[in-house]
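Trainee: I want to see how the labels hold up against the numbers. Can we go through a few?

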Amino acid sequence: MPSEVVTMDKIVSLAKRRGFIFPASEIYGGIANTYDYGHYGVLLKQNVVNQWWKAMIQDRDDIVALDSAIIQHPRTWEASGHLAGFTDPLVQCLGKCKRRFRADHLREGAEARGEPTDHLVCPVCGGELSEPRAFNLMFETTIGPVQEAGSAVYLRPETAQGIFLDFKQVLQFARRKPPFGIAQVGKSFRNEITPGNFIFRTLEFEQMEMEYFVPPGEADQWYEHWMRERFDWYVRLGIDPEHLRLRAHGAEELSHYSSATSDIEYLYPIGWSELEGIANRGDYDLTQHAQFSGEKLDWVDPQTGDRYIPHVIEPAAGVGRSLLAFLCDAYDEDEIGGERRTVLRLHPALAPVKVAVLPLLRKAGHPEKARAVYEDLRRHMKAEYDDGGAIGRRYRRQDEIGTPFAITIDHQTSEDDTVTLRDRDTLEQERVPVEGLAQRLLAKLSA
Ligand code: GAP
C-alpha cells in the first residue's frame with residue numbers, strides 16, 4: 001500500500017503552494033495534462049537531469065551525449081513503426097457524458113478491482129461504450145505556410161529515434177565500438193487522452209533515454225546490467241527500495257519494437273506505476289532505418305572486418321515521473337514543538353536549494369553579517385537569503401522545499417564569528433565557525 005502520509009492531493013498542493021509545478025495556461029482555465037515548472041521546480045528538474053547525465057557520462061566512459069531535433073524527417077516514423085503502430089485503443093461513452101477513455105486502462109482497472117471485463121461501461125456515467133478504435137498518439141503539424149502533400153511532420157513521441165538516425169555520424173566522431181551508448185535528454189510529445197494524475201502523464205514531457213549498442217550475443221547480459229544500474233540510481237538518490245520494483249512485460253504488452261521490456265515501477269500514491277522502462281530493442285530500429293534510408297547502419301570491426309547490426313538495450317526514463325517519485329518519497333510530515341511540519345527529505349544532490357542563510361533579527365548587525373555569509377556561500381552552491389518573518393516560519397519554508405541546511409546569524413556571531421548550522425532531518429543545531437563554512441557544507445552535501 002502507498003504511504004498514508006503522502007497523497008497525490010498533498011503533493012499537488014505543495015507543488016503549487018511553493019511554486020514547483022502548477023497547471024499551464026491557468027488564466028484561460030488550464031489545458032489538459034499540461035503543467036508549468038516554477039523556480040524550485042526548474043531547479044529540482046535540473047538536478048534530476050544532471051544526476052542522470054552524471055551517471056551516464058561522468059561516472060562511466062562508454063557513453064556519449066547527443067541532442068537531436070524534435071522534428072525529424074517524416075519517413076523516420078514510417079520506418080520506426082510509430083505511424084502504423086503507436087496507437088492507444090480509444091473508446092467513447094455513448095451515454096450521457098461522451099467522455100473518451102483508453103480501453104486498456106478501463107480493463108486493467110476492472111481487473112484490479114476483481115470485476116468482470118467482458119462488458120465494460122463508462123466509469124463516469126455508466127453509459128455504454130463504443131468499440132475500441134486505434135488512435136495514433138503522435139502530434140502532427142506541417143512545415144511551410146500551407147498544408148499540402150508531403151508537408152506533414154510529427155513532434156517526436158520518443159527521443160530514441162534521433163539517436164538511431166545519428167548512429168553512423170556518432171560512430172565517426174565518438175571513436176567507440178560496441179558495447180557503447182548514446183544518451184539524450186529532451187522533450188517528447190504524445191496526444192494522451194486520459195486524465196494524467198498530475199505530471200505522471202502529460203502531453204509534453206522530457207525523456208532521459210540512452211541507446212546502448214551491443215554485439216548481438218551480449219544483449220541479454222546488458223539488459224540485466226541496465227536493469228540493475230537504473231534501479232540502483234533511484235536508490236542512490238534516496239528512494240526507498242521497498243517503493244521500487246521491476247516488472248517484466250507480458251508478450252501482449254510489448255511495444256512493437258521490443259523483444260523484452262521490464263518496467264521499474266514506483267509505489268506512487270496512485271499505486272504501483274511505471275517510472276522507467278528498460279527495453280531490449282534488438283536490431284529492430286537500425287534494420288528498419290537502414291532499409292528505409294538505403295544507408296548501411298551496421299558496425300564493421302576494423303580489425304577483423306566482421307560486420308553486424310548491433311542490438312540495442314534502452315533505459316528510457318521520464319524526467320517528470322522521476323521528479324514525481326522523488327517528491328513523493330521525500331514528502332513527510334512531523335511535529336516540532338507541538339506544531340505540524342511538512343518537510344521534503346530530498347537527497348542533497350536533488351534539493352533545489354542547498355543552504356538557507358537567516359539573520360535571527362532584522363537589526364543588531366544580523367542582516368549585514370548574514371548577507372556577507374550568503375555572498376560567500378552562493379559562490380559554491382545554490383543558497384538562499386531570507387529575513388522575512390519569524391525564524392520558525394523561515395525554517396518551515398525551507399523544510400517545505402527540501403533545503404538540507406540552514407545557517408542562522410545571531411547575537412553570538414558578532415562575539416565569536418560562529419553561526420548555528422541546522423540539519424533539516426535531525427533538527428540538530430551545531431555551533432560552527434564562519435571560517436571554512438563553505439567547505440564544511442560541501443563535505444556534508446557530498447557525504
Ligand atoms: N523510447 C522508449 C519509450 O519512449 P516509454 O515507456 O513509452 O518508452 C519512457 O517511455 C518513459 O517516458 C516512461 O517510463 C515515462 O517515464 C516517460 N513517459 C512516457 N509517456 C509519458 C507521458 N505521457 N507523460 C510523462 N512521462 C511519460
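Mentor: We take the ligand contacts, then one lysine. Keep in mind that this model is predicted.

Trainee: What makes the pair between glutamine 207 and the ligand a polar contact?

Mentor: The cut-off is 3.5 Å between N or O atoms. An oxygen atom of the ligand lies 3.0 Å from an N or O atom in the side chain of glutamine 207. The pair therefore qualifies.

Trainee: How do you know that arginine 281 qualifies?

Mentor: Its side chain has an N or O atom 3.4 Å from a nitrogen atom of the ligand. That is within 3.5 Å, so the label applies. Glycine 318 uses a polar backbone atom, 3.0 Å from a ligand oxygen atom. The protein covers 91% of the 550 Å² of accessible area that the ligand has on its own.

Trainee: Which elements give two or more residues to the shell?

Mentor: Strand 10, strand 13 and strand 16 do. Strand 13 has the largest share, five residues. By class, the shell has 10 charged, seven nonpolar and four polar residues.

Trainee: Now lysine 45, in helix 2. Why is lysine 45 called buried?

Mentor: Buried means under 20% relative accessible area. Lysine 45 has 18%, so the term fits.

Trainee: What makes the pairing of lysine 45 with glutamate 206 a polar contact?

Mentor: The two side chains meet at 2.6 Å. The limit is 3.5 Å, so the pair passes. Beyond four places away in sequence, lysine 45 touches Tyr37, Glu206, Val319 and Leu323.

Key:
Residues numbered from 1 in each chain as written. Predicted model: local features only at pLDDT ≥ 70, side-chain atom pairs only at ≥ 80, totals over all residues. Heavy atoms only, no water. Polar contact = N/O pair within 3.5 Å; in protein donor to acceptor, adjacent residues only side chain to side chain. Areas by Shrake-Rupley, 256 points an atom, 1.4 Å probe, with all protein chains shown as cover. Helix = DSSP H or I, 4+ residues; strand = E, 2+ residues; numbered from the N terminus. Nonpolar A, V, L, I, M, F, W, Y, C, P; charged D, E, K, R; others polar. Buried < 20%, exposed > 50% of the residue type's maximum accessible area, 1.4 Å probe, protein only. Contact = heavy atoms within 4.5 Å.
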